[in-house]
Amino acid sequence: MAKLSIEELIEAFKELSLVEVSEFVKAFEEEFDVTAAAPVAVAGAAGGEAAAEEKDEFDVILESAGDKKIAVIKEVRALTSLGLKEAKDLVDSAPKAILEGASKEDAEKAKEQLEGAGATITLK
């Protein structure tokens, strides 16, 4: 097997859905007996309160599909790995959660992609 560079791996991961990346992380953790969780730092009282208030999980809510419904359905399929019918039903039933419990980075990326396709999105 040819060795892939870090850049090639990153490009390959960009083509995967969030569900596929999550499955990969689980398989990687099992194969190498490691965890991908970030280390937890011990914080003082003031730092601990600030960290507790900062939200780390977001829901991406589709408010409306806008004028480009087909483009929005394609983006929903790419983000969720849903089939065509399921993605269409989700878009038709807006307002509806597209992603739940996503990291801030993933939620912002999904919001950008969906808004680029013409959808109206809110993060909660």
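Modeller: A residue counts as buried under 20% relative accessible area, as exposed over 50%, and as partly exposed in between. The model discussed here is predicted.

Colleague: Why is Ser81 called partly exposed?

Modeller: The relative accessibility of Ser81 is 43%. Partly exposed is the class between under 20% and over 50%, so Ser81, at 43%, counts as partly exposed.

Colleague: Where does Ser81 lie, and what is notable about its phi?

Modeller: Ser81 sits in the loop between α4 (69-80) and α5 (84-92). Its phi is near 65°, which is positive although the residue is not glycine.

Colleague: Why is Phe24 called partly exposed?

Modeller: Phe24 has a relative accessible area of 37%. Buried would need under 20% and exposed over 50%, therefore Phe24, at 37%, is partly exposed. Phe24 belongs to helix α2 (residues 18-32).

Colleague: What makes the nonpolar surface patch that includes Phe24?

Modeller: Phe24, Val25, Phe28, Phe32 and Val34 make the patch, with an area of about 430 Å². Patch residues need over 30% relative accessible area, and Phe24 has 37%.

Colleague: How do you know that β1 pairs with β2 and with β3?

Modeller: Pairing needs at least two bridges between the strands. β1 and β2 share four bridges and pair in the antiparallel sense. Strand β1 (residues 58-64) is also joined to β3 by four bridges, again antiparallel. Both counts satisfy the cut-off, so both are pairs.

Colleague: Which residues stand opposite each other in these pairs?

Modeller: Between β1 and β2, Ile61 stands opposite Ala97. Towards β3, Ser64 faces Thr120 and Val60 faces Leu123.

Colleague: What is the strand order in the sheet, and why are β2 and β3 called edge strands?

Modeller: The sheet is open, with three strands in the order β2-β1-β3 and antiparallel pairing. β2 (96-102) and β3 (120-123) are the edge strands, as each pairs on one side only. Neighbouring strands are turned by 20° against each other on average, with direction ignored.

Colleague: What makes up the largest nonpolar core?

Modeller: The largest nonpolar core has 20 residues. Those with the most contacts inside it are Val60, Leu62, Val72, Val76, Val91, Ile98 and Leu114. Two or more residues are given by each of β1, α4, α5, β2 and α6 (104-116). α4 supplies the largest share, four residues. Membership of a core requires a residue to be buried, so Val60, as a core residue, has under 20% relative accessible area.

Terms used. Residues numbered from 1 in each chain as written. Predicted model: local features only at pLDDT ≥ 70, side-chain atom pairs only at ≥ 80, totals over all residues. Heavy atoms only, no water. Buried < 20%, exposed > 50% of the residue type's maximum accessible area, 1.4 Å probe, protein only. Axes fitted to C-alpha atoms, helices over the stretch in contact; angles between N-to-C directions. Patch = residues over 30% accessible without salt bridge, like charges linked within 9 Å, V, L, I, M, F, W, Y side chains within 5 Å. Areas by Shrake-Rupley, 256 points an atom, 1.4 Å probe, with all protein chains shown as cover. Salt bridge = Lys/Arg side-chain N within 4 Å of Asp/Glu carboxyl O. Core = buried A, V, L, I, M, F, W, Y, C linked by side-chain atoms within 4.5 Å.
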